[in-house]
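Me: I have a model open and would like to go through it piece by piece. Can you help?

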Amino acid sequence: MVNQINGAARRIPTWVVYIVLLLPVPFLVYQGFTGGLGRDPVKGLEHELGQWALKLIIAGLAITPLRRFAGVNLIRFRRAVGLATFSYVCLHFAVWLFLDVQIWSQIWADIVKRPYVTIGFAAFVAMIPLALTSNNWSIRKLGPAWRKLHKLTYLAAVLGGVHYIWLVKGIQIEPLVYMSIIVGLLALRLRWPKRVTA
């Protein structure tokens with residue numbers, strides 16, 4: 001079964017993955033114009049784009065554990081997942097910036113004074129160097145430093161989870177589930193010391 005999955009994955013062009021991952025964007029925009037995102041389509045679009053970003057962050061974090069523990073090799077799609085994630089984060093940020101807040105003088109005040117905005121903005125900033133260096137030239141130029149730089153993915157994932165938890169009012173299950181999955185996937189990356197047997 002694993003060999004069949006890996007074989008099928010090798011036959012899928014990466015450009016197809018980019019298209020599939022970004023397909024929800026025009027659908028969400030259509031929903032916004034047709035009332036499918038509730039009474040406040042701007043907030044609805046902002047929320048949906050943010051959720052898609054978190055889902056793809058989780059998908060990206062799952063790629064390494066899937067290979068290590070299940071033998072499923074989707075590494076060749078990791079860049080596509082990462083760049084699609086950044087695209088959703090940029091769109092989420094753009095909707096907040098241009099359609100939600102709109103008042104430019106209030107933007108920086110919100111970033112500084114509202115913790116959930118501060119955390120979300122920090123996650124966005126952490127992802128910028130990741131997106132800029134997601135190319136073969138950067139991998140060759142940076143060498144071993146590239147892997148260290150891309151550990152910012154873990155920080156961005158945690159900040160994104162915290163942003164969602166603080167964004168909602170009161171304690172809600174869904175943001176906690178997202179955060180639990182993120183923490184669990186990060187924990188799978190830890191190198192646990194081997195148990196010494198007597």
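Reply: What follows is a short chat about this structure, which is a predicted model.

Me: Start with the basics. How many helices and strands does the protein chain have?

Reply: The protein chain has eleven helices and zero strands. Written along the sequence, the pattern is α-α-α-α-α-α-α-α-α-α-α.

Me: And what does the C-alpha trace span along its principal axes?

Reply: The C-alpha trace spans about 60 × 40 × 40 Å.

Me: What percentage of the residues is buried?

Reply: Of the 198 residues in the protein chain, 37% are buried.

Me: OK, the core next. Which residues touch the most other members in the largest nonpolar core?

Reply: Leu 21, Leu 45, Leu 49, Leu 56, Tyr 88, Trp 96 and Ile 107 do, in a core of 31 residues. Two or more residues of this core come from each of helix 2 (14-22), helix 3 (24-34), helix 4, helix 5, helix 6 (104-113) and helix 7.

Me: Which helix gives the largest share of this core?

Reply: Helix 5, with eleven residues. As background, nonpolar side chains in soluble globular proteins tend to be buried together.

Me: You named helix 6. Which of its residues are buried?

Reply: Ile 107, Asp 110 and Ile 111 are the buried residues of helix 6. Seen down the helix axis, they fall within an arc of 95°, so they line one face of helix 6.

Me: What is exposed on the other side of helix 6?

Reply: Ser 105, Trp 108, Val 112 and Lys 113 are exposed there.

Me: Asp 110 is a charged residue in that buried set. What does Asp 110 form a salt bridge with?

Reply: Its partner is Arg 114, and the closest N and O atoms are 3.7 Å apart. Asp 110 counts as buried because its relative accessibility is 7%, and the cut-off for buried is under 20%. Arg 114 has 38% relative accessibility and counts as partly exposed.

Me: How many salt bridges does the structure hold?

Reply: The structure holds two salt bridges. Besides the pair of Asp 110 and Arg 114, there is one between the side chains of Asp 100 and Lys 43, at 2.8 Å from N to O.

Me: Which parts does the pair of Asp 100 and Lys 43 tie together?

Reply: Asp 100 lies in helix 5 and Lys 43 in helix 4, so the pair ties together parts that are 57 residues apart in sequence. Asp 100 is partly exposed, with a relative accessible area of 24%. Lys 43 is also partly exposed, with a relative accessible area of 41%.

Me: Change of topic: Ala 94. Where is Ala 94 found?

Reply: Ala 94 is in helix 5. At 24% relative accessibility, Ala 94 counts as partly exposed.

Me: What separates the C-alpha atoms of Ala 94 and Glu 46?

Reply: A distance of 8.7 Å, although Ala 94 and Glu 46 are 48 residues apart along the chain.

Me: Now the empty space. How much lies in the largest pocket?

Reply: About 990 Å³. The largest pocket is lined by 32 residues, and the closest to its centre are Arg 78, Trp 146, His 150, Thr 153 and Tyr 154.

Me: Which helices supply at least two residues of that lining?

Reply: Helix 4 (41-70), helix 5 (78-101), helix 7 (115-132), helix 9 (144-149) and helix 10 (152-167) do. By type, the lining has 15 nonpolar, eight polar and nine charged residues.

Me: And the second largest pocket, how much space lies there?

Reply: The second largest pocket holds about 640 Å³ of space. It has 26 lining residues, and Glu 46, Gly 50, His 92, His 163 and Leu 167 lie nearest its centre. The lining divides into 16 nonpolar, seven polar and three charged residues.

Me: Which helix gives the most to the second lining?

Reply: Helix 4 gives the most to the lining of the second largest pocket, with eight residues. Helix 4, helix 5, helix 7 and helix 10 each supply at least two.

Me: Last one, helix 1. Which of its residues are buried?

Reply: Asn 6, Gly 7 and Ala 9 are buried in helix 1, which covers residues 2-11. Down the axis of helix 1, the buried residues fall within an arc of 160°, so they line one face of the helix. On the other side of helix 1, Gln 4 and Arg 11 are exposed.

How values were computed
Residues numbered from 1 in each chain as written. Predicted model: local features only at pLDDT ≥ 70, side-chain atom pairs only at ≥ 80, totals over all residues. Heavy atoms only, no water. 1 Å grid on protein atoms, 1.4 Å probe; cavity = no way out; pocket = protein on both sides within 12 Å on 5 of 7 lines; lining within 4 Å. Points joined across faces, edges and corners; volume = space filled by probe spheres on them. Helix = DSSP H or I, 4+ residues; strand = E, 2+ residues; numbered from the N terminus. Nonpolar A, V, L, I, M, F, W, Y, C, P; charged D, E, K, R; others polar. Buried < 20%, exposed > 50% of the residue type's maximum accessible area, 1.4 Å probe, protein only. Arc of directions from axis to C-beta. Salt bridge = Lys/Arg side-chain N within 4 Å of Asp/Glu carboxyl O. Core = buried A, V, L, I, M, F, W, Y, C linked by side-chain atoms within 4.5 Å.
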